[in-house]
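The following paragraphs lead the reader through one protein model. Please keep the sequence and the three-dimensional view at hand while reading.

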Amino acid sequence: MEMIAVTLVVLILLGALFIIPRSKNKGKTKGTPPNVASKTLKTYTKEEVSLHNKRDDCWIIVKGKVYDVTPYVEEHPGGDAILNNAGGDSTEGFYGPQHATRVFDMVDEFHIGDLKP
């Protein structure tokens, strides 16, 4: 009986994540970064990306694209899990089952360039 109650509570909480609208400011940068505004994307080496591996300076690589997710770190529903691959390739974690489909639309606003081959 306890297991059923716990399962129901978890399902209700997960459902609320999809039903309750997100704030329009969440995940937005304070001022649009110049690269995003002009859509002049730069290419970066893995070494350059690896320097941005902290909570207050967090870049990730997903499928060869570079994202500056620093403004999103504090809002990340998975907490510090976003920092697991800070400064490196986060493709595997990004496409994990824990992410709702809306994450694929949200990430575009953080795209700052592509990884050099």
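**A histidine contact and its surroundings**

The side chain of H111 reaches the backbone oxygen of G113, at 2.8 Å. This distance, like every other value discussed here, comes from a predicted model. H111 belongs to strand 5, which comprises residues 111-115. The residue is classed as buried because its relative accessible area, 11%, falls under the 20% limit.

Strand 5 leads to the sheet. The sheet is open and contains 5 strands, arranged in the order 1-5-4-3-2 with mixed pairing. Its edges are formed by strand 1 (42-44) and strand 2 (53-54), each of which pairs on one side only. Strand 2 pairs with strand 3, residues 57-62, in the antiparallel sense, and 2 bridges join them. Within this part of the sheet, N53 stands opposite C58 of strand 3.

Attention now turns to a helical residue. E47 is found in helix 3, which spans residues 46-50. With a relative accessibility of 56%, E47 counts as exposed, since the threshold for that class is over 50%. E47 and G87 are separated by 40 residues in sequence, while their C-alpha atoms are 8.7 Å apart in space.

The aromatic residues provide a further topic. The structure holds 5 aromatic pairs. One of them joins F94 and F104 in an edge-to-face arrangement, with 5.4 Å from centre to centre and 80° between the planes. F94 lies in helix 4 (residues 91-94) and F104 lies in helix 5 (residues 102-106), so this pair ties together parts that are 10 residues apart in sequence. How do the two phenylalanines stand with respect to burial: is F94 buried or exposed? F94 is buried, with a relative accessible area of 7%, whereas F104 is partly exposed at 31%.

F104 also forms an aromatic pair with Y95. Here the rings are stacked, with centres 5.4 Å apart and planes at 20° to each other. Y95 counts as partly exposed, because its relative accessibility of 41% lies between the 20% and 50% limits. Through such ring pairs, F94, Y95 and F104 are linked into a cluster. Y95 has a charged partner as well: the charged end of K63 sits over the Y95 ring, 4.9 Å from the ring centre.

Note on methods:
Residues are numbered from 1 along each chain as its sequence is written. This is a predicted model: local features need pLDDT of at least 70, side-chain atom pairs count only at pLDDT 80 or more; totals for chains, interfaces and linings use all residues. Side-chain values use heavy atoms; hydrogens and water are left out. Two strands pair if DSSP finds at least two bridges between them. Helices (H or I, at least four residues) and strands (E, at least two) are DSSP runs, numbered from the N terminus. Buried means under 20% relative accessible area, exposed over 50%, partly exposed in between (1.4 Å probe, protein chains only). A polar contact is a pair of N or O atoms within 3.5 Å; within protein, one must be able to donate a hydrogen and the other to accept it, and residues adjacent in sequence count only if both atoms are side-chain atoms. Rings of Phe, Tyr and Trp (its six-membered ring) pair if their centres lie within 6.5 Å; planes under 30 degrees apart count as stacked, over 60 as edge-to-face and the rest as tilted. A charge sits over a ring if NZ of Lys or CZ of Arg is within 6 Å of the ring centre and within 35 degrees of the ring normal.
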